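Biologist: I am new to this structure. Please look closely at a single residue, and then set that residue beside other parts of the chain.

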Amino acid sequence: MTAIVESQESISVGWTDEMGAAADQLFFVSTYTDFDRLAHGPRGTEAKHSLYVYRFHPSDGSLVLLHVSDRKEREVVVNPAFSRYHPTLNVVYTCTEDIENNGQIFAYS
């Protein structure tokens, strides 16, 4: 799984954002959904959903589930390996691992 979130540690060592350290943040979790399409053999079981999006409340450390990929999205976004937030745009890019399609990049805004 890969998750994107600015931690309290990174904020305290100079991370700056326009919203401030106490602002709610989005937390993306990507999971492997089709082991047969990976070049390596991961442990565990395939996930039922490829992407989860949470709202992180730094004030109390809680996460609230906002979105779970549906079946149609799971068929398109296969094995999302990692996600990255664009530094100046309101966009998250997710890169997949897929030996059949050489991986793809998806953008969410």
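Modeller: The residue chosen is N79, which counts as buried because its relative accessibility is 0%; buried means under 20% relative accessible area, exposed means over 50%, and partly exposed lies in between, with a 1.4 Å probe and protein chains only. The model is predicted, so local features need pLDDT of at least 70 and side-chain atom pairs count only at pLDDT 80 or more, while totals for chains, interfaces and linings use all residues. Residues are numbered from 1 along each chain as its sequence is written, and side-chain values use heavy atoms, with hydrogens and water left out.

N79 is located in the loop between α2 and β5 (80–85). Its phi is positive, at about 55 degrees, although N79 is not a glycine. A positive phi near 55 degrees is also found at N102, again a residue other than glycine. N102 belongs to the loop between β6 and β7, and with a relative accessible area of 72% it is exposed.

The loop of N102 also holds N101, between β6 (92–96) and β7 (105–108). N101 is partly exposed, at 39% relative accessible area. Its side chain is joined to that of D98 by a polar contact of 3.1 Å; such a contact is a pair of N or O atoms within 3.5 Å, where within protein one must be able to donate a hydrogen and the other to accept it, and residues adjacent in sequence count only if both atoms are side-chain atoms. From C-alpha to C-alpha, N101 and R37 are 8.9 Å apart in space, while 64 residues separate them in sequence.

At the other end of α2 (71–76), the loop that follows β4 (62–68) contains S69. S69 has 1% relative accessibility and therefore counts as buried. A polar atom of the S69 side chain lies 2.9 Å from the backbone nitrogen of S50. Apart from neighbours within four places in sequence, S69 is in contact (heavy atoms within 4.5 Å) with H49, S50 and L51.

These loops belong to a protein with two helices and seven strands. Helices (H or I, at least four residues) and strands (E, at least two) are DSSP runs, numbered from the N terminus. Their order along the sequence is β-α-β-β-β-α-β-β-β. Of the 109 residues, 35% count as buried. Among contacts with a separation of 6 or more, 45% are between residues 24 or more positions apart.

One aromatic pair is found in a search of the whole structure. The ring centres of F27 and Y54 are 6.4 Å apart and their planes stand at 75 degrees, so the pair is edge-to-face; rings of Phe, Tyr and Trp (its six-membered ring) pair if their centres lie within 6.5 Å, with planes under 30 degrees apart counted as stacked, over 60 as edge-to-face and the rest as tilted. Because F27 lies in strand β2 (residues 25–30) and Y54 in strand β3 (residues 51–57), the pair ties together parts 27 residues apart in sequence. F27 is buried, with a relative accessible area of 18%.
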